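I opened this notebook to keep track of what I looked up in the structure, in the order in which I looked. The entries follow below.

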Number of protein chains: 2
Amino acid sequence: MTLGNDISQIAGSLIDGVLLTQLKQISDERGAVLHMLRSDAPDFTQFGECYFSEVVTGCVKGWKCHELQTQNIAVPRGRIKLVIYDRREKSASQGIIQEFELGRPDAYFRISIPPGIWYAFSCISDETALLVNCADVPHDPGECKVLEMRTREIPYKW
Amino acid sequence: MTLGNDISQIAGSLIDGVLLTQLKQISDERGAVLHMLRSDAPDFTQFGECYFSEVVTGCVKGWKCHELQTQNIAVPRGRIKLVIYDRREKSASQGIIQEFELGRPDAYFRISIPPGIWYAFSCISDETALLVNCADVPHDPGECKVLEMRTREIPYKW
């Protein structure tokens, strides 16, 4: 399932617990200001860690799945294809794959991915993309599962 | 006063309350992972807002000074010259100007700027720079003072 970039249309059809939030881009001839996350946002719970992941054109990072950590991801530079897969046994959207494009100016969203969702992303822009994640708990390799990009356990071909 | 990029040498001579923290850059042929801020960092207090400020080559943003907000700034793309000025009446470093360059790979620091310090920054790279700020309270124009770049109140020429 590939989703468009009109979040008012797709909000109702997202994998259970996934949230898309349109982020402000404030123009300025010296350079834009780009919102990412505020502690008074309706979906903010707590802050754990902010880090960046660069993705070279054509490369894929993933699959990953967290047991505890919620990801809050946006893409301030370049363009990312993000794929999420719901493998949670008791989820209403179990078995669903969803694809998103993230990047400016038309798809500058924050996507919130709850624990239990598998995700992977690739860079689809000519320039190396920069993904930011403001996760709700600090990175801990003990709560993160990984699968190979070409795993048979996820019905998606990169 | 222009400071070099060896933070072990300059940590003792910073404006009072300013902190520099070396950030990890984890190499990966698909794209690096770049640390920014964790909630278990020794200098972490609370999370207010994460946002980006782009700066076009040669442009300057500032001067600004916050009454309440502490800035936690790093530069994951491009290169920034950051200038800070201590105008706090009771500060041991009152009247001091300090300049920093921020950018990868040699100057990927987080600089923490407490309330009461004036700051401004320019882009000194050929590419538009991207500055990230994880401030401890959300942006509130009511607690932010501004001065023109060419003000006579700050002894620095842009």
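**Entry 1: cis peptide bonds.** I began with B:Trp63, which sits in strand E5 of chain B (strands, E, of at least two residues, are DSSP runs numbered from the N terminus). The bond that joins B:Gly62 and B:Trp63 is a cis peptide bond, with omega about 5°. I noted this since most peptide bonds are trans. A cis bond also runs from B:Arg104 to B:Pro105, where omega is near 0°, and B:Pro105 belongs to the loop between strand E8 (97-103) and strand E9 (109-113) of chain B.

**Entry 2: conventions.** I am reading a predicted model, in which local features need pLDDT of at least 70 and side-chain atom pairs count only at pLDDT 80 or more, while totals for chains, interfaces and linings use all residues. Residues are numbered from 1 along each chain as its sequence is written, chains are lettered from A in the order in which they are written, and side-chain values use heavy atoms, with hydrogens and water left out.

**Entry 3: the two copies.** I superposed the chains by least squares on the C-alpha atoms of residues with pLDDT of at least 70 in both; a turn of 180° with a shift of 0.0 Å along the axis lays chain B on chain A with an RMSD of 0.0 Å. The two copies are therefore related as by a two-fold rotation axis. Within chain B, the residue that comes closest to this axis is B:Phe47, at 3.1 Å for its C-alpha.

**Entry 4: the interface.** How many residues does the contact take from each chain? Counting contact as heavy atoms within 4.5 Å, I find 40 residues from chain B and 40 residues from chain A. Because 100% of the interface residues of chain B are also interface residues in chain A, the copies meet through the same surface. The chains bury about 3,100 Å² between them, 53% of it on carbon and sulfur atoms (buried area is the accessible area, with a 1.4 Å probe, that two parts lose on being put together, summed over both). On the side of chain B, the residues that lose the most area to chain A are B:Arg30, B:Phe52 and B:Arg77, together 24% of what that side buries. The rule for salt bridges (a side-chain nitrogen of Lys or Arg within 4 Å of a carboxyl oxygen of Asp or Glu) finds eight across the interface. I also looked up the salt bridge of B:Glu127 with A:Arg77, whose closest N and O atoms are 3.9 Å apart.

**Entry 5: the largest pocket.** I then turned to open space (on a 1 Å grid over the protein atoms alone, a pocket is an open set of points where a 1.4 Å probe fits, with protein on both sides within 12 Å along at least five of seven lines, and lining residues have an atom within 4 Å of a point). The largest pocket is lined by 25 residues, and A:Arg30, A:Val33, B:Lys61, B:Lys64 and B:Val146 lie nearest its centre. Strand E5 of chain B gives the largest share of this lining, six residues.

**Entry 6: the second largest pocket.** Here the largest share of the lining, five residues, comes from strand E5 of chain A.

Technical notes: Helix = DSSP H or I, 4+ residues; strand = E, 2+ residues; numbered from the N terminus.
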